[in-house]
Structures are given as C-alpha cells and as structure tokens.
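Biologist: I'd like to learn how to read a two-chain model without getting lost. Could you walk me through this one?

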Amino acid sequence: MIEFLPPALIMLIGALLIGPTRGAWRSAVVLLTPLLTLVAIWQVPDGVVTTISFLEYPIEPLEGSPVRRLFATIFAIMAFAGGLFAYRQAKWYELAAAFAYAAGAIGVSFAGDLISLFLFWELMALFSTVVVWCGGTPAARAAGIRYAVMHLIGGVILKVGIEGVMVHTGSIEVQPMLAVNFDTWMILIGILINAAAPPISAWLSDAYPESSPTGSVFLSAFTTKTAVLALILLFPGEPVLIGVGLYMVMYGIIYALLENDIRRILAFSIVNQVGFMVCAVGIGTQMAINGAAAHAFAHILYKALLFMSAGVVIYRTGFNKCTEVGGLFRTMPLTAVCGIVGAMAISGFPLTSGFTTKTLISQAAADQGLVAVYFLLAAASAGVFLHAGIKFPWFVFFQRDSGLRPKDAPWNMGAAMVLFSLLCILFGVAPELLYRFLPYPVDYQPYSPGKVVLYLQLLLFSGLAFFLLLPLMRRTNTITLDTDWIWRVGLRHVWSSGESLLGRASALLSASRTRVMTLTYGRANFYFGGQESRDGAPRGVFARAWPIGTTAIWIALLLTAYVTFYYLD
Amino acid sequence: MSMETEKSKNPLSPGSTPGESDAWLARPATIRLLWRVFTAVLVLSVMVQLLFKVKGYFGLDGWFGFGALYGFLSCVLMVLFAKFLGRFLKRDEQYHRVDEND
C-alpha cells in the first residue's frame, strides 16, 4: 500500500492553490482537485488509518467505512460539478472558500474521533460563511453574520457535549450513542442545528438564497448532509429523530408553498428532504440507514441540479423571484429541461434517483410497522411534487410570459447540469450501482409494479391538485415569518424597550441626584456661609460673630455635663 | 369526458394571452391538448391498478385508487393549511430590511 495524502488535505491544498494560480492553471486546479480527492477517497481502507496522540487523546483523523466513503465520494463529486459550474463565473475567493468548505465536509466524513470531527465541523462553518458573504450584497453580509452566529452557537453546543462525553466516558471515539444524558443531548442538538432541524431551521432559508448564483450550489450540498452522516454515525435508532424528521418534512413543504423567492423555495425543500433522512436515521434499522445514506447521495445530485438551474436563471436574468420571471423555457430550453429532471428526481418519480432511494425509507417504516410514519411520508412525497416538483419549474419556466428572453446557460454551467441530470436518471434506472456501496447489504427491489403504480398515482394526482388550486397559489411579494422572528425582531424589541427603560431610570436617578445636591448645597451654605457672604450678605450660621455670653453658657453647660458624667461613673 | 372539458377551461396561465404565434407550448390549442393527455394519464394510472395489484403494507394503501385519492387530498390539505398559516405569517418582503436598518 503506497502512502497517500488524506482526501480532505488534498481538497484543502487545492483550495489554497486557487488563489495564487491564474488562467488555465486555475481552471486545472479547480477541475482536477476533486478528481484527485476522489481517487484518494477510494484508497481509504476500512478501519482507523492514522492515529496521532494529542493531550493523551488518540486522534484518528482518518477512519474508513462504507458509509464514510459513500458520503465523501458524493462530496467530491459535488465539488467537481460545482467547480465546473462555477469556475468561469465565480470569483476566485468564492471557489477557494467553497473548496475549503468541501474539505471540511470530507474531513468530517472520515473523522474517527470527536475532536477531529469538531475541527472539520468548524472548518465548514467558517468557509460556508465566506461563501454566503460572496453574495456581495448588504443582504448577503447581514445574512452571513446571522448564519455565522447560528453555526458558532451550534459549534459551542457540540463542543460542550463532546467535552462532557470525553470527561465522563474517557472515550472520544465516534461511535453509536443515544441521547440519554446532558452530554449526548448537547452533541445531538449541535448536530441537529447543522441539519436545520426545528426550531431553528430558519438559518438555512435565510442564508442560502442570499449567496451568489454559484455559491448556493455549493451551500446546498455539504452542511446538512454532513449532519446526516454525523447522525448516522452517532445516533442511529435515536427515536427523537423520527418526530424531528417528520416535522422538518412538513415544515419544508408548507413554507415552500408560501415562498416567492426561487432559491428560497429550494432551500425549504432541502429542509424537507433532510427531514426524510433524519426520520430514517431515527428508525435506525439497516434498511433505514441504507435509505438515509442513499437518499443523501441522491439528494445532493438533484438538489445541486435544481440550484444550478435556478442559478443560471438568476445569472442570466438578474431576477430571483417567481413574480419576476416566467415563460423562460422559450430561450432557456437546456436549463428548463435540466431543472425539470431535477424536479422529477426530488419528487421521486419512477426512473429517477429520488424514487430508488426515498422508497427505501418508506419500506423501512413499513417493515417496522410505523403506520403513521409511513402514511405521513407518503403524503409528504406527494407534497414534495407539489412544492418543488411542479412549483419550481412551473413558476420559473412556464406560468406566464414575463417577456424576458435571456440566453441559455454558458457551456460550463450547461455541462455541469447535464452531468448531474444524467446521474439523476442513471441511479434511477440502475439503482444497484448505488445500492452496492450502501453501508448494509441491500435486499430490496424498488421497481415492483404495485409500488410504481402507487407512487405514480400519488404524484400525478398531486399534480392535478396543483393545477386545480393554482388560483390559491398566486405568488405575492411577501416573506413568511419563521422562528428567527424571535431573535431578528422580538429580541430586538425586548432590547430596545429595555434600553428605554434603563434610559428612564437613569434620567430619574440624575434628577434626584441634582435635587440632593441642591439641598445639601443650600444647607451647607446656611450653616457655613458661601462666597457671597463677604459682600455683606448674611453669613452662614457657624460663620457668624456670636456674642461672648452665648459661648460662656455653652462652655458652662459642657463642663457641667462632664462633671456629672464623671461622678456617675 | 365532462371532467375533461371542465378542466380544459381552467386558466393555466393567468395574466398572459399567448397567441398562435407564440411558442408551441404556450398556444391555447397545445394547452388544451396537454390537459387531455394529462387527464388520460390520470385515468390510466388508476385503471392500471386492475392489472397490477398494489400490495400495500397496511391494507388501506392497497385499496383501489388509494394513491390517487390520498395524493390529491393530502395536497389540497397542505395548500389550504399553508394558505391559512400565510394569513398570520406573511409579511411584506421589506419587513426585515426596514426593521434592521433603523
């Protein structure tokens, strides 16, 4: 076995080289780094590869297993397609940040211990924030700050949990656990923040749509799916996740239905799709874990494809709202077709990757006899078609004629979209290509006639519902309040009312201080006299010339008192 | 057939009046045709259940036309629920911007 560099390191070196290189060299770095990383990923054998001792803790930055390699593979493929999509349009620092972000995701995939997992986790938080900032607008800057704050808080919570587990168990291994005590709950919450779980899902739909048309393609892939991998590695079968996942599934659909911003629709549908995976991890059987891993893999492909399609539209038209575009299929046929392929895949239409992976999760729910979960997931599958499968292509490419006649995608963007479209269909037509890399052996046949018929009915009649209810779905120039209202508006109101309360208190305080000062000054002036007393004004009580008789009486009184007390003693 | 004509009256593209000179996909004749094809596909997707038995896991989901009814009803419910929530949660898109720049 020859020595090779860790995959995350190759990606990181690539990210560093993007800045200093120019022209064709830079293009070569962008396109070749992910491929080299991919080769390195497939050199990682099962089990711990390297161990470094740090503060008496065995750090294992590189540990291989099928599920780890699967996630790292899709992250590298994503970096390649994202690079291809972006390298002629994006700023070099956006590409460099995106590659460092991908390096973080690949690092997390192979992290054998909680300390290196945490380090790569923070690398992702850092560089994904830079990618958000590359949106370049004041809104992107503000959203980036909110995004960073949320992820730093998530990181601190995760770190608290990791420290707790280190102190109380003495082990820093990445191994399955359940949320049973404070430490494990902290780790779970830290991971769930990155998965955009409730009640703080809002960071995702807040930040991603503010990034550049190329940046959102990268953002859609890494953070939430690394969180899914972390859940698979650390919390398989944690029952809380079933409920959390189902909530995310429904939240994504409802909010996407209300949304007007093209990429925000897709952002909500990320939460929806990650909900399927989180729910599957909660079910926790071999079938369910396979489903979560396969669905994450397929999801990265079609969600990036959808973001690419939306990105091209925004890049070419400068518009990012449903109310501003429409009828673009006339001059953007390639972008429209690729967008539709992505939309079919996310909806889980038969012959697309969504069908062959999502049905694994439904099967797992059915196998465990989870009736409610099964039926809710089925309803959600119809809902996905409603909010992403039709709504996205309909409002962007059809709907009405907006009069816009933009050019179709630049060749590199088109190539990236075609590549991912083909992969979406490939894994739908030949699912065993993906199944064989799943963590557990797959004994599942997605294409039984009954299943295909059931899904076709669900999806087609969901489409019927969409067109019949179209008048109810007229887009409006609105946003929908989310839980982030609490800190973006609510807390600020609390702050400013607190401020005005303090202001009033301080005014009261200074008024009474003035009163006390005036009073004291008046008394002092009365007894000791003031400067003006030299000018013939009455002097203070103690400063006056007193008659000698009064003084004699006072002395006599004092002496009497002294003598009296002396004898009393 | 009556269902079909009813649907073909549905305004597919409100606010636009695509003429015969427009792209093939946007012509009223094409849209009528698409509605016919769509209706046929819908009917077919249910009828095909006579040929292939949907096994179902919990009885209910093996019923004739279950997927069609369930898919349609859950979507209607979701749209109505979203509409209902929107009444309380929708704000002008400048809502946060105005607030944060003060």
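Modeller: Sure. Start with what a contact is: two residues are in contact if their C-beta atoms, placed from the backbone, lie within 7 Å. And keep in mind that this is a predicted model.

Biologist: How many residues does the contact take from chain B and from chain A?

Modeller: Chain B puts in 46 residues and chain A puts in 44 residues. On the chain B side, helix 2 (28-47), helix 3 (66-89), strand 1 (90-92) and helix 4 (95-100) each supply at least two residues. Helix 3 of chain B gives the largest share, 16 residues.

Biologist: What is the side of chain B that touches chain A made of, in nonpolar, polar and charged residues?

Modeller: That side divides into 25 nonpolar, 11 polar and 10 charged residues.

Biologist: And which elements does chain B have from the N terminus on?

Modeller: Reading along, chain B goes α-α-α-β-α, so to speak a short list: 4 helices and 1 strand. Of its 102 residues, 18% count as buried.

Biologist: Which strand of chain A pairs with strand 1 of chain B?

Modeller: Strand 3 of chain A, residues 478-480, does the pairing; the sense is antiparallel, over 3 bridges. To find the spot on your screen, look for I479(A), which stands opposite R91(B) in strand 1 of chain B. A general point on strands: in a regular strand the side chains alternate between the two faces of the sheet.

Biologist: Where is chain B divided into domains?

Modeller: Domain 1 covers 1-52 and domain 2 covers 53-102. Where these two meet, the contact takes 4 residues from domain 1 of chain B and 5 residues from domain 2 of chain B. The domain 1 side of that contact has 2 nonpolar, 2 polar and no charged residues.

Biologist: Let's move to chain A. How does its radius of gyration stand against that of a compact globule?

Modeller: A compact globule of 569 residues would come out near 25 Å, but chain A has 33 Å. You can set that beside the C-alpha trace, which spans about 125 × 65 × 55 Å along its principal axes. The secondary structure of chain A comes to 21 helices and 3 strands, and 54% of its 569 residues count as buried.

Biologist: What share of the contacts in chain A with a separation of 6 or more comes from residues 24 or more positions apart?

Modeller: That share is 79%. For a single example, take I59(A), found in strand 2 of chain A. I59(A) lies 53 residues from G112(A) in sequence, yet their C-alpha atoms are 7.5 Å apart in space. Leaving aside neighbours within four places in sequence, the contacts of I59(A) include T51(A), D113(A) and I115(A). I59(A) has 19 other C-beta atoms within 10 Å, so it is partly exposed; counting as buried takes 20 or more.

Biologist: Why would you call helix 12 of chain A largely enclosed?

Modeller: Because 22 of its 22 residues are buried, helix 12 of chain A is largely enclosed by the rest of the structure. Its length can be checked too: at 1.5 Å a residue, the 22 residues (262-283) should span 32 Å, and the end C-alpha atoms are 33 Å apart, which agrees. Just after helix 12 of chain A, G284(A) takes a positive phi of about 80°. In general, an α-helix has 3.6 residues a turn, so residues three or four places apart point the same way.

Biologist: Which residues other than glycine have a positive phi?

Modeller: L55(A) is one of them, with phi near 50°. L55(A) sits in the turn of a hairpin formed by strand 1 and strand 2 of chain A, with 2 residues between them. Those strands, residues 47-54 and 57-64, pair in the antiparallel sense over 6 bridges, and V48(A) has E63(A) as its bridge partner. L55(A) counts as exposed because it has 6 C-beta neighbours inside 10 Å.

Modeller: L351(A) also has a positive phi, about 80°. L351(A) is in the loop between helix 14 (333-347) and helix 15 (353-367) of chain A, and with 15 other C-beta atoms within 10 Å it is partly exposed.

Biologist: Where is the cis peptide bond?

Modeller: The cis bond joins P198(A) and P199(A), with omega about 0°. P199(A) is in the loop between helix 7 (182-194) and helix 8 (202-207) of chain A.

Technical notes
Residues numbered from 1 in each chain as written. Chains lettered and ligands numbered in written order. Predicted model: local features only at pLDDT ≥ 70, side-chain atom pairs only at ≥ 80, totals over all residues. Buried ≥ 20, exposed ≤ 12 C-beta atoms within 10 Å, placed from the backbone. Nonpolar A, V, L, I, M, F, W, Y, C, P; charged D, E, K, R; others polar. Pairing = 2+ DSSP bridges. Domains from an automatic or database assignment. Expected span 1.5 Å × (residues − 1). Rg over C-alpha atoms; globule rule 2.2 N^0.38 Å.
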